[in-house]
Amino acid sequence: MRAIATATALARESTYLQYTPSRNSVWFRLPPMGTLMLILLHFIFVVVLEFTNNSVPGAQFWQARGVRAGWLAVAQMPLLILLVGKNNLISLFTGVSHERLNVLHRWTARITLFLAILHFGYQSYGWQHFGLMTMEFNLDECPATGIAAFALLLWLNLTTLAPFRHWSYEFFVVQHIITFFGFIIAVMYHLPETALWSRVYIYIPIALYIIDRLVRTALFTYFNIPAKRATLTALDGQVTRVRLTNKSIKSWQPGAYMMLSIPKFGWTQSHPATILSTPQSHNGDLVFLLKSHKGFTKRLMTHANTSSTALLPHTKQESEANQNNEVASYRAFTNGPYGGSQLDFAAFDSICLMAGSTGITFTLSLLQNLADRASSSEKRLPVHRIHLIWCVKDSRWTKWCSDEISAAHKKLRDAGVEIDVSIYVTCADSFTNQTDEPKACGCQCDKTLGPCCCVAVDEADPDAEDLAEPVTAPQGEKTTRVIATCTKLPSLLPCAKFHSGRPEVETLLMDLLNSAGGESAVAVCGPVGMTSMVRNTVVKLSDERAIHKGTGAQGCYLHVESFY
Amino acid sequence: MLVVRELSRAWSRVGVVVLSEREPAFLAANLNEGDNTRSRQVDDAETMLFPRHDEMEMGMEMGMDGDMNHHHMGSLSAAGVDFSNRTQMAAFLDDMLNDDQLKHLGNDYARYFWYGVVVVIGLATIMNIIQRATLKMR
């Protein structure tokens, strides 16, 4: 067991790291080290297979290399489809959810393009070397069908680059699927009739795709009859709370997400949203928090019931009463649930749940799940300590889910689990979102370090504890009472401590690990800047403490849920 | 077709280019054993040169397995080919495109790729099972 623990610790340290430009880098973003190693392994394996035992003497030297590359390219087809299906075998066996495999799908496609270039390039060079290019193009239909397939493959790869995907995702998906059909047809025509068995590498992905679609359609039909009704509530910070009536889906994993579709706001659009609620909470209804950007989420915000607080029913009677009132509801469909592939956090001694902005949906679903199990289980769970950290731009954002946090806090306290809730009010974009929105502040923070991070407190709030001298802003600027360190704001979230500025991730995680009596777990959901910092900090601490390397320090598991 | 295959093997032993099974018409042509000079008479070279999409191949190839990749391939040489002669060019191109051996090797290495994929998925599956079982025991 010790050897397994040490191997696990070493594997975690080598795979968790992530170095990526996080700000405004739509074009270039590096995945974590573990993913990079898999991609590199795939590429090296393919290159080795291409050049091993492939130096045919004589005039067929280039032809042989081109043919081998062609075979290897076709062999990538089943893997492409296996990595993209929402109900796929790789997810079933490895426990990795399909959205986490999508990066491997993109890189498999790029490796296929690389092999297609070798296939065409080597053969073309060989023909050109003997002056046979024109004759080959005139007499053989392979080049024509091959160029058609190559053009479609190139288009498929170019349009998967991040800026194109983000420009209009729905259009990207539709054209991607249509182009792939065209590519498959072109490849089938291109494959030589002297090697008909090569078509098996095309038949298999077609079958996998059809099976995946059939399963999705069957589940979609089963879970959406009758159709759900969605109630929308506008919250502070351009966030919409969506609550769906639900009778068909009885269970889902904490942290799972669904593809949400409300035809009134886009009949072709299906938006991923993490489920905030648990099967035991909110009368089994599905609750989501969606930040308004553009398109579907913006339309949700526009049509949401205006309310600064979550005036949503908590009981069935209230729910029925709302139906009779003029609370608008819309027909909604869901596809899923998917995701929730993280390990069981209840099996860890100390847990840190870190969230940035709407990432609270993921961490809060984990917290509520732990609270439900701790309060209902006769046997005490292994978890002893939980620290929930939430980074927001405005302290009023805590109203999004203050009831859920308070309820979970109480349940865990009653079950004997030590729980701390820390809210960090920060202007740091890397901890809340990706956009640059400088915030004017009337405080005396050192602006050369970037935007300051001060809690804006309503001066009329009698419950706020003053921990710093009031600061007078320069003339003409709006003045606010500034709390420089930590305070409690019972009117917002009684169980939480509010902090100004960004969290000291290393200090917080060090405290977690030092006080842990067993293995720890960290879950983070937020922008890339936040998640990459947490990744690198966990690795640094794991290495410094020599986890599972003889010092007695216990392991630390990390799960990162990224914004997509 | 068996006669064609046997004749091809005999020619390869004396260093002549291995003829494709797709060219039975060339057997009736004027060929001298041991003579590398190409003097094939092709009535219509253009209709002969669709080597990888010739319908004649469809019935021939279906039952073949991967044993042929162990045969030594005769090396194709451009020596003696008159590239100003279109007929000889076409024949040389046809030989270059001959994938009798190459397709079997390609198939083998495509299969090796999938062995690797299965190994990686298998290892990930084992690690997943061990990890979840360990947590379950707590």
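Colleague: What is the relative accessible area of Arg110(A), and is that residue buried or exposed?

Modeller: Arg110(A) has a relative accessible area of 23%, so it counts as partly exposed. Buried means under 20% relative accessible area, exposed means over 50%, and partly exposed lies in between, with a 1.4 Å probe and protein chains only. This is a predicted model, in which local features need pLDDT of at least 70 and side-chain atom pairs count only at pLDDT 80 or more, while totals for chains, interfaces and linings use all residues. Residues are numbered from 1 along each chain as its sequence is written, chains are lettered from A and ligands numbered from 1 in the order in which they are written, and side-chain values use heavy atoms, leaving out hydrogens and water.

Colleague: Where does Arg110(A) lie?

Modeller: Arg110(A) is part of helix 6 of chain A. Helices (H or I, at least four residues) and strands (E, at least two) are DSSP runs, numbered from the N terminus.

Colleague: And which residues is Arg110(A) in contact with?

Modeller: Apart from neighbours within four places in sequence, the contacts of Arg110(A) are Asn157(A), Thr160(A) and Leu161(A). Contact means heavy atoms within 4.5 Å. The C-alpha atom of Arg110(A) is also 9.1 Å from that of Leu153(A), 43 residues apart along the chain.

Colleague: Changing topic, how many cavities does a search of the whole structure find?

Modeller: The search finds five cavities of 30 Å³ or more, and the largest holds about 540 Å³ of space. On a 1 Å grid over the protein atoms alone, a cavity is a set of points where a 1.4 Å probe fits but cannot get out; lining residues have an atom within 4 Å of a point. Grid points are joined across faces, edges and corners, and a volume is the space filled by probe spheres set on the points.

Colleague: Which residues are the closest to the centre of the largest cavity?

Modeller: Among its 28 lining residues, Gly70(A), His119(A), Gln123(A), Gly146(A) and His190(A) are the closest to the centre.

Colleague: Which helix gives the most to that lining?

Modeller: Helix 8 of chain A does, with seven residues. Helix 3 (61–75), helix 6 (98–129), helix 8 (142–158) and helix 10 (169–190) of chain A each supply at least two. By class, the lining has 19 nonpolar, seven polar and two charged residues. Ala, Val, Leu, Ile, Met, Phe, Trp, Tyr, Cys and Pro count as nonpolar, Asp, Glu, Lys and Arg as charged, and the others, Gly among them, as polar.

Colleague: Why does Gln60(A) count as buried?

Modeller: Gln60(A) is buried because its relative accessible area is 7%. Gln60(A) sits in the loop between helix 2 (33–51) and helix 3 of chain A. Not counting residues up to four places away in sequence, Gln60(A) touches Leu76(B), Asp95(B), Met96(B), Leu97(B), Asn98(B) and Leu102(B).

Colleague: Turning to the open sheet of seven strands, what is its order?

Modeller: The order is 13-14-10-9-8-15-16 in chain A, with mixed pairing. Two strands pair if DSSP finds at least two bridges between them. Strand 13 (486–487) and strand 16 (556–562) of chain A are the edge strands, each pairing on one side only.

Colleague: How do strand 13 and strand 14 of chain A run, and how many bridges join them?

Modeller: They run antiparallel, and two bridges join strand 13 to strand 14 (residues 496–500). His499(A) in strand 14 is the bridge partner of Cys486(A).

Conventions: On a 1 Å grid over the protein atoms alone, a cavity is a set of points where a 1.4 Å probe fits but cannot get out, and a pocket is an open set with protein on both sides within 12 Å along at least five of seven lines; lining residues have an atom within 4 Å of a point.
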